[in-house]
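Below is a short note on the model you asked me to look over. The points are numbered so that they can be taken up one at a time.

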Amino acid sequence: MRIFDPHIHMTSRTTDDYERMAAAGVRALVEPAFWLGQPRTNTGSFTDYFDALIGWEPFRASQYGIAHHCTIALNPKEANDPRCREVLALLPRYLDKDRVVAVGETGYDSMTPEEDEVFAAHLELAREHGLPALVHTPHRDKVVGTRRSLDVVKESGIDPGLVVLDHLNEPTVAEVAGSGCWMGFSIYPDTKMSPDRMVAILREYGLERMLVNSAADWGKSDPLLTLRTGEAMLAAGFSDDDVDRVLWRNPVAFYGQSGRLDLDEADTAATFAGNSILRGGS
Ligand SMILES: [Zn+2]
C-alpha cells in the first residue's frame, strides 16, 4: 500500500514517527502551517516556522524516503491576534517557493469578523498564486462553520476543485459533496472520525474528491491511521485499486494542481522497498 498523507503536522512528531510511517508505506505528505499551541507574539516566530516547513522538515523526511511538501498561511486561531496580522504581508514570498503546494490552513476557528477577513484574504492569495486552498472547518459549531466556509469559497470566485474542506464528518459531508470542493477527513484514535466510520462514508459518497489524513500533531493522534483506514477499506470489500485511489492518487491529483509536487523521492523509496521485498524472498 502506498500512502500520501495530505495533512499531518510533522513539526510536533519525532523522527521515530517518520521511521514508522515509512515502514507503513507513507511515501509523501503535506504539512500545513498551523497554530503551535503557545501564542506567537511577533512575525519573526512565523518566518522561522515557515522556514522550518520548507527546510528542516523536508530534510528530516528525506532521510526516510518521504517526499515532504507544505501549505502556508496565517492559521484561523491566530488570525484573531492583532500582533500576528502582519504575517499576511509575508505570505506571498512563501507562496512562491517550490515545495509549497497550497494556501492553508485557513478557514474558521471561532467564526469572528477577523477570521472572515483573513479567510477571504487567503482565498484571494490562492487565486493570485494559482494554488489550491486547504480550509480547516471548526471543531465547535461544525455544521454552521462548514456552511459558512462554503459561502466564503463561493463568494471568492475560486474554482471549487481547488479547495478542500477538511476535518469533515457525517453531518457535514453531504453539503461539501454537492459543492464541487474536495472533502478531507482526519482520522483520530478516540474521537471525531474512526477508520470504520470513514469506510461507511466512502461507501455512501464514493471515492471521488475524497482525501483521508491522520492530521497528527502533538495531541492524541496517530500517524498510521491512514494505513488503518486502508486496511479497514480492504476488510470491507474495497479493492487494492480503490485504496490506492483514496490514499495515493486523490492527494496527488489535488495537490498536483499546484504544479509543484515532487515525488522523485517517493519513487526512489518505492524502488528500494521493491528491492528489499525481492531480497526478503530469496
Ligand atoms: Zn491541521
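The points run from model confidence to the sheet, its strands and then the helices.

1. Confidence. This is a predicted model. The mean pLDDT of the chain is 94, with 95% of its residues at 70 or more. The weak part to note is residues 274–282, where pLDDT stays under 50. For that stretch the model has 0 contacts beyond four places in sequence, and I would leave its conformation out of the discussion.

2. Sheet layout. The sheet is open and is formed by 8 strands, ordered β1-β2-β3-β4-β5-β6-β7-β8, with parallel pairing. β1 (3–5) and β8 are the edge strands; each has a single partner strand, so one side of each lacks a neighbour in the sheet. On average, neighbouring strands are turned by 25 degrees against each other, direction ignored.

3. Pairing around β3. Strand β2 (residues 26–32) pairs with β3 in the parallel sense through 5 bridges. Within this pairing, leucine 29 has histidine 68 of β3 as its bridge partner. β3 is also joined to strand β4 (residues 100–107), again in parallel, by 3 bridges. Here isoleucine 72 is placed opposite valine 103 of β4.

4. Burial of β3. How many residues of strand β3 (residues 67–72) are buried? The count is 6 of the 6, so the strand is largely enclosed by the rest of the structure. In a regular strand, side chains alternate between the two faces of the sheet. In β3 both faces are covered: Ala67, His69 and Thr71 are buried on one side, and His68, Cys70 and Ile72 are buried on the other.

5. The β6 to β8 end. Strand β6 (residues 163–166) and β7 form a parallel pair over 2 bridges, with valine 164 opposite tryptophan 182 in β7. Strand β7 (residues 182–186) in turn pairs with β8, also in the parallel sense, over 4 bridges. The bridge partner of glycine 184 in β8 is leucine 211.

6. Burial of β8. Are the residues of strand β8 (residues 210–213) buried or exposed? Met210 and Val212 point one way, Leu211 and Asn213 point the other way, and all are buried. This holds although β8 stands at an edge of the sheet, with a single partner strand.

7. Helices α5 and α6. The axes of helix α5 (residues 113–129) and helix α6 (residues 142–156) come within 10 Å and cross at roughly 45 degrees. That angle makes α5 oblique to α6. The crossing is right-handed. On the α5 side the residues that meet α6 are Phe119, Ala120, Leu123 and Glu124, and their counterparts in α6 are Val152, Val153 and Ser156.

8. Helices α8 and α9. Helix α8 (residues 195–205) packs against helix α9 (residues 225–235) at an angle of about 55 degrees, the axes being 9 Å apart. α8 is therefore oblique to α9. This crossing is right-handed. From α8, Pro195, Asp196, Met198, Val199 and Leu202 make the contact, and from α9, Leu225, Arg228, Thr229, Ala232 and Met233.

9. α9 on the sheet. Which strands does α9 lie across? They are β1, β2 and β8, and α9 runs at about 130 degrees to β1. Among these strands, β1 and β8 are the two edges of the sheet.

Notes: Residues are numbered from 1 along each chain as its sequence is written. This is a predicted model: local features need pLDDT of at least 70, side-chain atom pairs count only at pLDDT 80 or more; totals for chains, interfaces and linings use all residues. A residue is buried if 20 or more other C-beta atoms lie within 10 Å of its own, exposed if 12 or fewer, and partly exposed in between; C-beta atoms are placed from the backbone. Two strands pair if DSSP finds at least two bridges between them. pLDDT is the predictor's confidence in each residue, from 0 to 100. Two residues are in contact if their C-beta atoms, placed from the backbone, lie within 7 Å. Axes are lines fitted to C-alpha atoms, for helices over the stretch in contact, and angles run from 0 to 180 degrees between N-to-C directions. Angles under 35 degrees count as roughly parallel, over 145 as roughly antiparallel, 65 to 115 as roughly perpendicular and the rest as oblique. A crossing is left-handed if the near helix is turned anticlockwise from the far one by less than a right angle, and right-handed if clockwise.
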